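User: I should like to learn how to read the features of a structural model, beginning with burial and aromatic contacts. Could you take me through them step by step?

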Amino acid sequence: MLLISCPNCGPRDETEFHYGGQAHIAYPENPNELTDREWAEYLFYRENTKGTFAERWVHSTGCRQWFNMLRDTVSYDIHSIYAMGQPRPDIPGAGPSKTEATQPGEFSQAGDFGQAGDPGLAPGAATTGAASPISSEGV
């Protein structure tokens with residue numbers, strides 16, 4: 001069981017907290033101007049890092065405050081806990097997050113989601129050979 005140090009309440013058992021996903025994913029400035037594909041990428045595409053990863057957590061049964069945590073996904077070691085809005089701290093041996101936004105409202109996705117010429121497809125996904133239109137159905 002993890003002992004998580006809440007920035008407001010101090011060390012507490014992990015059962016008092018809930019995971020909130022990847023940290024540093026900025027909300028798009030103009031979401032109504034995004035294509036269906038761009039909106040789907042913002043909502044669903046996240047890193048699946050093996051190693052040091054920036055995460056959002058909330059102390060749901062305590063102060064109910066959100067915070068960020070830099071945690072190793074292999075060893076579960078917590079490297080750093082820092083406030084929302086703070087930049088990701090530098091940890092020796094851990095590179096910066098690939099999806100960290102550089103401008104407010106900017107988002108980017110890193111990683112190879114498919115073969116060359118098949119952007120957005122999961123590795124090993126079947127292709128029809130022709131590009132099919134992207135729609136919000138099934139997203």
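Analyst: Let us begin with burial. A residue is called buried when its relative accessible area is under 20%, exposed when that value is over 50%, and partly exposed in between. Phe67, at 1% relative accessibility, therefore counts as buried. Please keep in mind throughout that this is a predicted model.

User: How much of the chain is buried, and what is its overall architecture?

Analyst: Of the 139 residues in the chain, 25% are buried. The secondary structure consists of 1 helix and 6 strands, arranged along the sequence as β-β-β-α-β-β-β. Among contacts between residues at least 6 apart in sequence, 47% connect residues at least 24 apart.

User: Since the model is predicted, how should its confidence be read, and what is the mean pLDDT of the chain?

Analyst: Where pLDDT is low, the predicted coordinates should not be read in detail. Here the mean pLDDT is 77, and 65% of the residues reach 70 or more. Over residues 97–137 the pLDDT is below 50, although this stretch has 47 contacts in the model beyond near neighbours in sequence.

User: How does one read the side chains along a strand, and which residues of E1 point to the buried face?

Analyst: In a regular strand the side chains alternate between the two faces of the sheet. Strand E1 shows this alternation: Ile4 and Cys6 point to one face and are buried, whereas Leu3 and Ser5 point to the other face and are not buried.

User: Which strand pairs with E1 over 4 bridges, and in what sense?

Analyst: The partner is E2, and the pairing is antiparallel. The two strands form a hairpin with 3 residues between them. Within this pairing, Cys6 has Gly10 in E2 as its bridge partner.

User: Which residues make up the largest nonpolar core?

Analyst: A nonpolar core is a set of buried nonpolar residues joined through side-chain atoms within 4.5 Å. The largest one here has 7 residues: Leu2, Ile4, Cys6, Phe17, Trp57, Phe67 and Met69. Strands E1 (3–6) and E5 are the elements that give two or more residues to this core. Apart from this core lies another, of 5 residues, including Ala23, Ala54, Leu70 and Tyr82. Leu2, a member of the largest core, also touches Arg12, Asp13, Glu14 and Tyr76 when residues up to four places away in sequence are not counted.

User: How many aromatic pairs are there, and how is the geometry of a pair described?

Analyst: Rings pair if their centres lie within 6.5 Å; planes over 60 degrees apart count as edge-to-face, those under 30 degrees as stacked, and the rest as tilted. By this rule there are 5 aromatic pairs. In one of them, Phe17 and Phe67 lie 5.8 Å apart centre to centre with 85 degrees between their planes, an edge-to-face arrangement. This pair links distant parts of the chain, as Phe17 is in the loop between strands E2 and E3 while Phe67 is in strand E5, 50 residues apart. Phe17 has a relative accessible area of 5%, so this residue is buried.

User: Why is the pair of Trp39 and Tyr42 tilted?

Analyst: Their planes stand at 35 degrees, with the ring centres 5.4 Å apart, so the pair is classed as tilted. Both residues lie in helix H1 (residues 36–44), 3 residues apart, about one turn of the helix. Trp39 is partly exposed at 29% relative accessibility, whereas Tyr42 is buried at 11%. Together with Tyr27, these two residues form one aromatic cluster.

User: Where do charged ends sit over the rings of Tyr42 and Trp66?

Analyst: The charged end of Arg46 sits over the ring of Tyr42, 5.7 Å from its centre. Similarly, the charged end of Arg56 is placed over the ring of Trp66, 4.9 Å from its centre.

User: Finally, is Ser80 buried or exposed, and which residues does Ser80 touch?

Analyst: Ser80 belongs to strand E6 (residues 78–83) and is buried, with a relative accessible area of 16%. Not counting residues up to four places away in sequence, Ser80 touches Asn68, Met69, Leu70 and Pro89. Pro89 is in the segment after E6 and is partly exposed, at 24%. On the same basis, Pro89 touches Leu70, Ser80 and Tyr82. Pro89 and Leu70 are 19 residues apart in sequence and 8.1 Å apart in space, C-alpha to C-alpha.

Definitions and conventions
Residues numbered from 1 in each chain as written. Predicted model: local features only at pLDDT ≥ 70, side-chain atom pairs only at ≥ 80, totals over all residues. Heavy atoms only, no water. Phe/Tyr/Trp six-rings, centres within 6.5 Å; stacked < 30°, edge-to-face > 60°. Buried < 20%, exposed > 50% of the residue type's maximum accessible area, 1.4 Å probe, protein only. Lys NZ or Arg CZ within 6 Å of the ring centre and 35° of its normal. Contact = heavy atoms within 4.5 Å. pLDDT = per-residue confidence, 0-100. Pairing = 2+ DSSP bridges.
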